[in-house]
Amino acid sequence: MSQWKNNVLLWLSVFSFWIMFLICMPEHVCAQNSCPEVTQWLLKDGFHRDLVTRVTLGTVDEGMRNCMVAVKIDLPRGLYVDPYELASLNKHNITEALVTADYVDLELPEYLATEIDVLIYMKPDPECYSCFRAILPIHCRYHQPAEVDEKISAILRSPEILIHCQKSFLSTECLKETKIERPCSLKNKQNCHWDSVRFQAINQELKLQIPVGLKHHLTFVCTGTLVTTIFCSGLILFALFKHGDFLFVQSSL
């Protein structure tokens, strides 16, 4: 009798194991073939921010080690990047970014500027095996004065994720049909064929609050600036005439 009970318990255990296996297996496959996840957030406050982008491939395939991941950021007119700052960051191996525009005017206000595209070559995230991360310093342009609200929103659109691999490991559902030619890196200007990837956005689109002046303060600000400029110029001239030594040279003509 006890032997019969042991056999029944054994068969129940085997049956339970296969039931759990069949339930969990599809989830495991879906996890392996799921599209990458993208998370973005901002660091710092004010006119100078750091945009952090993190891509989680969601796979442990060995072919991932030979992949290059890049993110294309479209900056609206109210934001810009400093090419000289990016060159310094690239020199110190912090951020490797390529600005598609031939020239970026750092002094233009928002209403005279144009949109800027930046391609950032991401680096493996040491905190996550299947993650890539990039940091892009962005800056806010000056805006025209507003009527009521003292802040204007600049919205960052969803980025474009590009992947270049020797061996493809992502599901075909995650790959867009068209391939894009872009430089392989800043050091290697030769074009590579990049796959544009569909992804899951973890957070909503980012919105920056940029402080602006108010139109009804225009008269007060202009008057105060003019009076301060005249007063300071007068102090400088007074100090020059009181304490300065002047040498007048008479012309021979």
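The exercises below concern a predicted model and are each followed by a worked solution.

**Exercise 1.** Determine how many aromatic pairs the structure holds, and classify the pair formed by Phe-47 and Tyr-142.

*Solution.* The structure holds 2 aromatic pairs. In the pair of Phe-47 and Tyr-142, the distance is 5.5 Å centre to centre, with 40 degrees between the planes. Planes under 30 degrees apart would count as stacked and those over 60 as edge-to-face. The pair of Phe-47 and Tyr-142 is therefore tilted.

As to location, Phe-47 lies in the loop between strand 1 (37-43) and strand 2 (48-56), while Tyr-142 lies in the loop between strand 8 (131-140) and strand 9 (151-156), so the pair ties together parts that are 95 residues apart in sequence. Phe-47 has 23% relative accessibility and counts as partly exposed. Tyr-142, at 63%, counts as exposed.

**Exercise 2.** Carry out the analysis for the rings of Tyr-121 and Trp-194, and state whether each residue is buried or exposed.

*Solution.* The ring centres of Tyr-121 and Trp-194 are 6.1 Å apart and the planes stand at 50 degrees, so this pair is tilted. Tyr-121 belongs to strand 6 (residues 116-121) and Trp-194 to strand 12 (residues 191-197); the pair therefore ties together parts that are 73 residues apart in sequence. The cut-off for a buried residue is under 20% relative accessible area. Tyr-121, at 6% relative accessibility, is buried, and Trp-194, at 0%, is buried.

**Exercise 3.** Describe the largest nonpolar core and the contacts of Leu-75.

*Solution.* The largest nonpolar core has 39 residues. Leu-75, Leu-79, Val-81 and Ile-138 have the most contacts inside this core. Strand 8 gives the most to the core, with 5 residues. When neighbours within four places in sequence are left aside, Leu-75 is in contact with Tyr-80, Val-81, Glu-115, Ile-116, Val-118, Ile-138 and Leu-156. There is also a second, separate core of 9 residues, which includes Ala-70, Ile-180, Cys-184 and Cys-192. As a general point, nonpolar side chains in soluble globular proteins tend to be buried together.

**Exercise 4.** Identify the covered and uncovered faces of strand 14, and describe how this strand pairs with strand 9.

*Solution.* Strand 14 comprises residues 206-211. The covered face of strand 14 consists of Leu-206, Leu-208 and Ile-210. The uncovered face consists of Lys-207, Gln-209 and Pro-211. Strand 14 pairs with strand 9 in the antiparallel sense, over 6 bridges. Lys-207, on the uncovered face, is the bridge partner of Ile-155.

Conventions: Residues are numbered from 1 along each chain as its sequence is written. This is a predicted model: local features need pLDDT of at least 70, side-chain atom pairs count only at pLDDT 80 or more; totals for chains, interfaces and linings use all residues. Side-chain values use heavy atoms; hydrogens and water are left out. Rings of Phe, Tyr and Trp (its six-membered ring) pair if their centres lie within 6.5 Å; planes under 30 degrees apart count as stacked, over 60 as edge-to-face and the rest as tilted. Helices (H or I, at least four residues) and strands (E, at least two) are DSSP runs, numbered from the N terminus. Buried means under 20% relative accessible area, exposed over 50%, partly exposed in between (1.4 Å probe, protein chains only). A nonpolar core is a set of buried Ala, Val, Leu, Ile, Met, Phe, Trp, Tyr and Cys residues joined through side-chain atoms within 4.5 Å. Contact means heavy atoms within 4.5 Å. Two strands pair if DSSP finds at least two bridges between them.
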